[in-house]
Amino acid sequence: MEKGNTLPFPYEFEDLKAEEKEYLEKMYKFSDYPSELSRVGPKGYVLLKSYKKDAANIYNMPLRPTDVFVASYQRSGTTWTQELVWLLSNDLDYKTAAAIPLTERYPFLDLFMFAEINHLDALFKPTDTTIDLPKIEAVFEIFGQPATRILEAMPVSTPRFIKTHLPMSLLKPSLLDTAKMVYVARDPRDVVVSYYHHSKLFMIISRFEGTFKEFWNLFYKDLCIFCPIFEHVKEAWEKRNHPNMLFLFYEDLSKDLNASISRVADFLGKKITQEESVRLYEHLSFDNFKNNKSVNFEDMREIGLLAPTESFVRKGKTGGWRDYFDEEMTQQAEQWIADNLRNTDLRYPHMNN
Ligand code: A3P
């Protein structure tokens, strides 16, 4: 916790087990990233140690009835959902949506923990001509500001849209009594493929240089940030019938975006015409989204923060995992999913279980 912070935070931060660390160190040979990780609380969520700095402020964050959270395990369709929620909440104001990047429209609660400026030396060499180090430092300075402070400073008259990849147990326990949340979940096999590419895309804390199979092993052994994913999803799923919670699946958005637009509009108490719905559908469709500078993070490319072969809005497919999983991984995943769905009524709409 930040010095002088007396707000209560009920969970301990624990170091990873020695064998977990050893395994991670093998995977991240050129970075001290494994030593930056800790597990938090009874579910053992993996977070960066720097999370401690704002953990209590996040857990006790004063909320407003106009707050809307968009939450997920990362790579589950958060950005897509954010744009949908924001546009419906803001009278389909495409002009403002184009003018103000999504990152500015949505303070990102947990971003600060990735932006340890003193990591930069380890990641980038001053002689590296593909990057603009002073600009990257300036961006990290902004990323490193706790979103709780930014949110607190926002006028009460302005509805706040908040992005987070934190599980519900690390957020304010009474959150749904005051604020709304739209949570989006996705087939963990597609999440891990997307996350694998993401960990090569963003050169922020670590560059994963291993194979997909190695990354899969990290993911399903709960050694990636915000893991364990099933606990993350289950916490939100348990609240899915709360009137202030809307639980979505990426696969539903993908299969029938129109139906999802209607569900989100109903949840937010908004009415849209058929014509408006058609336009929103177009706006959110993958090809348009991929080219939409306000949401696609391409501005990070100019300063060298993105790997040349990767992009944030990547493939947008369901079931793409099949191209990555060999027979062994497929069986591991099936068992893993079955184990985690046992004793719960969580069901992914596209899985036959
Ligand atoms: P892929 O890497 O599988 O393509 P998040 O926003 O939570 O990080 O999720 C990113 C994933 O959502 C990426 O998945 C991205 O391509 C996908 N995505 C983003 N916008 C999309 C859209 N309009 N339609 C379909 N998928 C989209």
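Biologist: Which order do the strands of the open sheet of three strands take, and with what pairing?

Modeller: In this predicted model, the open sheet of three strands is built with antiparallel pairing. Its edge strands are strand 1 (13-15) and strand 3 (45-48), each of which pairs on one side only, while the twist from one strand to the next averages 45°. The order of the strands is 1-2-3.

Biologist: Which residue of strand 3 is the bridge partner of Leu37?

Modeller: Strand 2 (residues 37-40) pairs with strand 3 in the antiparallel sense, and four bridges hold this pairing. Within strand 3, the residue that partners Leu37 in a bridge is Leu48.

Biologist: Turning to the open sheet of four strands, which strands stand at its edges, and why is one side of each left without a neighbour?

Modeller: The open sheet of four strands has parallel pairing and follows the order 5-4-6-7. Each of the two edge strands has a single partner strand, so one side of each lacks a neighbour in the sheet. Neighbouring strands here are turned by 15° against each other on average, with direction ignored. The strands at the edges are strand 5 (161-164) and strand 7 (245-249).

Biologist: How many bridges join strand 4 to strand 6, and which residue is the partner of Val68?

Modeller: Strand 4 (residues 68-72) and strand 6 (residues 180-185) run parallel, and the number of bridges that join them is five. For Val68, the bridge partner in strand 6 is Lys180.

Biologist: At what angle does helix 12 run to strand 7, and what angle does helix 14 make with strand 7?

Modeller: Helix 12 (residues 229-237) lies across strand 4, strand 6 and strand 7, and the angle at which helix 12 runs to strand 7 is about 135°. Helix 14 (residues 257-268) also packs on the sheet, where helix 14 touches strand 6 and strand 7. The direction of helix 14 makes an angle with that of strand 7 of about 170°.

Biologist: Which two residues does the cis peptide bond join, and what is the phi of Phe226?

Modeller: Most residues other than glycine have a negative phi, and most peptide bonds are trans. Pro228 is found in the loop between helix 11 (212-220) and helix 12, and the cis peptide bond, with omega of about 5°, joins Pro228 to Cys227. Phe226 is found in the loop between helix 11 and helix 12, and the phi of Phe226 is positive, near 75°.

Biologist: Which residues come nearest to the ligand, and which helix supplies the largest share of the shell?

Modeller: There are 17 residues around the ligand, and those that come nearest are Thr78, Thr79, Ser194, Lys315 and Gly316. The shell divides into seven nonpolar, six polar and four charged residues. Helix 3 (78-89) and helix 16 (286-290) each supply at least two residues of this shell. The largest share, three residues, comes from helix 3.

Biologist: How far from an oxygen atom of the ligand do the polar side-chain atoms of Thr78 and Ser194 lie, and what percentage of the ligand's accessible area does the protein cover?

Modeller: A polar side-chain atom of Thr78 is placed 2.3 Å from an oxygen atom of the ligand, and one of Ser194 lies 2.6 Å from a ligand oxygen atom. In the side chain of Arg186, an N or O atom is 2.9 Å from an oxygen atom of the ligand. On its own the ligand has 560 Å² of accessible area, and the share of this area that the protein covers is 98%.

Note on methods: Residues are numbered from 1 along each chain as its sequence is written. This is a predicted model: local features need pLDDT of at least 70, side-chain atom pairs count only at pLDDT 80 or more; totals for chains, interfaces and linings use all residues. Side-chain values use heavy atoms; hydrogens and water are left out. A residue is near a molecule or strand if one of its heavy atoms lies within 4 Å of it. A polar contact is a pair of N or O atoms within 3.5 Å; within protein, one must be able to donate a hydrogen and the other to accept it, and residues adjacent in sequence count only if both atoms are side-chain atoms. Accessible areas come from the Shrake-Rupley method with a 1.4 Å probe; for residues, only the protein chains shown count as cover. Ala, Val, Leu, Ile, Met, Phe, Trp, Tyr, Cys and Pro count as nonpolar, Asp, Glu, Lys and Arg as charged, and the others, Gly among them, as polar. Two strands pair if DSSP finds at least two bridges between them. Axes are lines fitted to C-alpha atoms, for helices over the stretch in contact, and angles run from 0 to 180 degrees between N-to-C directions. Contact means heavy atoms within 4.5 Å.
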